[in-house]
Amino acid sequence: MDLPSAPRHWAERTAHKTAVVSAHGHLTYAQLFASAKDLARELATLPGRRVGIRTTDPVTFAVGFYAAVLAGKPLAVLDPAWPQKLLRTTATRLEAATVICSPADDQLPEGLIPLPSKAVDVFTANPDAPEHISGATVDSNQELLAICTSGSTGEPKAVVRTRASWEASLMAGSQILGATSEAVTLCPGPISHGLGLYAMVESIHSGGTFVAPGRWDLPTTLDLLARWRCTRLVSVPTIIQRITDADPSALSAVNCVISGGEALPSALVNRLHTTTEQLSCVEYYGSSEHSLIAYRQHPPENTPGHTFVGTPFPGVKLHVHAAEPGEAGALFVDSPFNAEGYDPSGAALISRCGAATSVGDTAQIMPDGRLKILGRSGGMLNVHGNNVHPGEIADAFDTLGLPGVQVLAHLGPAGTKLIAYTDRAPQEPAALRQQLREVLAGYKIPHELVVLERWPVTSSGKIASNQLPDPQDPSVLKISLK
């Protein structure tokens, strides 16, 4: 089933089933389809290459996304967390002068025209209107949307995706990632970011119910979990950890946990399996540029390390540029899920090798064909002439009972030092020091372990490495490991 057909398909078969839920309301499939068609007629008349969408409201986002699909109008996803200047320059660069937004989110910079979503006016649409509002068949290879990823540069990189690439990833990934018509999916992170947007489309395309606060808020998330008896949770490990720490019983109805964005700590995996007898816990690795790359199942009592090792999704071909076969190197991905690349209006370029592309991931292809991710460009550190992979060090901490450690190189008055960060204080520091000497070469052992009360996180809920405290700050709790 293609993207334009999905809202009509489910509206005809499950008209009164809830399709999308926010903290402030919800739409049935009949209402979603009718609202999307109503807005699509307006989008089809707009000049300009793209239409923007900027909202924290999942209901507005669902209506806006499918309206753009029905109208054949490419969508530029604009992050509500951006400051006004960045919003204006990015929207202008992406040729999105008109922006879909909800009434609560319509404070736009000068020069951008708000187009409030008609999500609440669900009974004004004509249910007999044609599905493709533009009156023409939309080419599946036409641009679907441009979604921005910050990457390592100041300017957001706009990744251009076609409809065909997303349809291919939905077909290949839905079953593996537990997206079914019976699933009630909660995504507690930002809806405008890749993980949240993909989870929403995946849920609706499968005929399930999608539940989201629109941006991370713990009380709202716990309330939605309870009221809608969510069975599937899609998020990053830090947010999943926050939910389980706040109220483990809140996940009692959840039978499927999907994690992405960062490595899933083994302690959290085992804790999740205590919430329900038959839990499917799946971690997947991907990027905005490649969509789905690889995945791994986490059964109970499994001890996954900090480094991701997973099976490629069906249809994904991988190769590594390395000095010797079997060694680590730059990962290149060739699959029907790949994006076209970055929008040419920006400065970013994507690395290519034939049909395969790379975004700087360092990886290794294991003898059994599985993929081992070692980090993104710059993930390998060079400390005093020695090459150090932070993931290997984090794995060592994990095996010694300290999961989720982050390792950075810090330049101080005495030169470069390896610093490890954790949110769990070791019970016996002396024993930890001795155990590290047994599993790591001396140059790989961090100089100090900084103990945090809580991880600093980005608006996506991922760990904000650039906000980790300076180890020289006298207020920081640290333990010497040398």
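**Figure 1. Strands S8 and S18 pair up at one end of an open sheet.** In this predicted model, strand S8 (residues 157-162) and S18 run antiparallel to each other, joined by 2 bridges. Look for Val160, which stands opposite Gly341 in S18. The sheet around them has 7 strands with mixed pairing, in the order S6-S5-S3-S4-S7-S8-S18. Its edges are strand S6 (113-116) and strand S18 (341-342), each of which pairs on one side only. As a general reminder, strands of a sheet pair through backbone hydrogen bonds, either parallel or antiparallel.

**Figure 2. Strand S1 has pairing partners in both S2 and S10.** Strand S1 (residues 18-21) meets strand S2 (residues 26-28) in the antiparallel sense, over 3 bridges. Together S1 and S2 make a hairpin, with 4 residues between them. Here you can find Thr18 with its bridge partner Thr28 in S2. S1 also runs parallel to strand S10 (residues 209-211), and 2 bridges join that pair. For this second pairing, pick out Val20, whose bridge partner in S10 is Phe210.

**Figure 3. Helices H3 and H6 cross each other roughly at right angles, being roughly perpendicular.** Helix H3 (residues 58-71) packs against helix H6 (residues 194-205) at an angle of about 70°, and their axes are 11 Å apart. On the H3 side, the residues that meet H6 are Pro58, Phe61, Ala62, Phe65 and Tyr66. H6 brings Leu197, Met200, Val201, Ile204 and His205 to the contact. Sorted by class, this contact of H3 with H6 has 9 nonpolar residues, 1 polar and no charged ones.

**Figure 4. Helix H8 is mostly covered.** Of the 10 residues in helix H8 (residues 237-246), 8 are buried. Reading along H8, these are Pro237, Thr238, Ile239, Ile240, Gln241, Arg242, Ile243 and Thr244. What do the buried residues of H8 pack against? They pack against two helices and two strands: helix H7 (218-228), helix H9 (266-272), strand S11 (232-235) and strand S12 (256-259).

**Figure 5. Cysteines without a disulfide.** A search of the whole structure turns up 0 disulfides. In general, a disulfide is a covalent bond between the sulfur atoms of two cysteines. Why is Cys256 not bonded to Cys281? The closest cysteine sulfur to that of Cys256 is in Cys281, and at 8.4 Å it is too far for a bond, because a disulfide needs sulfur atoms within 2.5 Å. Cys256 is buried, with a relative accessible area of 6%. Cys148 is buried as well, with a relative accessible area of 18%.

**Figure 6. Two loop residues, Glu95 and Arg229, have positive phi.** Most residues other than glycine have a negative phi. Glu95 has phi near 60°, a positive value in a residue other than glycine. You'll find Glu95 in the loop between helix H4 (84-93) and strand S5 (98-101). Is Glu95 buried or exposed? Glu95 is partly exposed, with a relative accessible area of 42%. Arg229 has phi near 45°, again positive and again not a glycine. Arg229 sits in the loop between H7 and S11.

**Figure 7. Stepping back to the whole chain of 482 residues.** The secondary structure comes to 11 helices and 28 strands. How much of the chain counts as buried? The share is 56% of the residues. Taking contacts between residues at least 6 apart in sequence, 66% join residues at least 24 apart.

Note on methods
Residues numbered from 1 in each chain as written. Predicted model: local features only at pLDDT ≥ 70, side-chain atom pairs only at ≥ 80, totals over all residues. Heavy atoms only, no water. Buried < 20%, exposed > 50% of the residue type's maximum accessible area, 1.4 Å probe, protein only. Contact = heavy atoms within 4.5 Å. Pairing = 2+ DSSP bridges. Axes fitted to C-alpha atoms, helices over the stretch in contact; angles between N-to-C directions. Parallel < 35°, antiparallel > 145°, perpendicular 65-115°, else oblique. Nonpolar A, V, L, I, M, F, W, Y, C, P; charged D, E, K, R; others polar.
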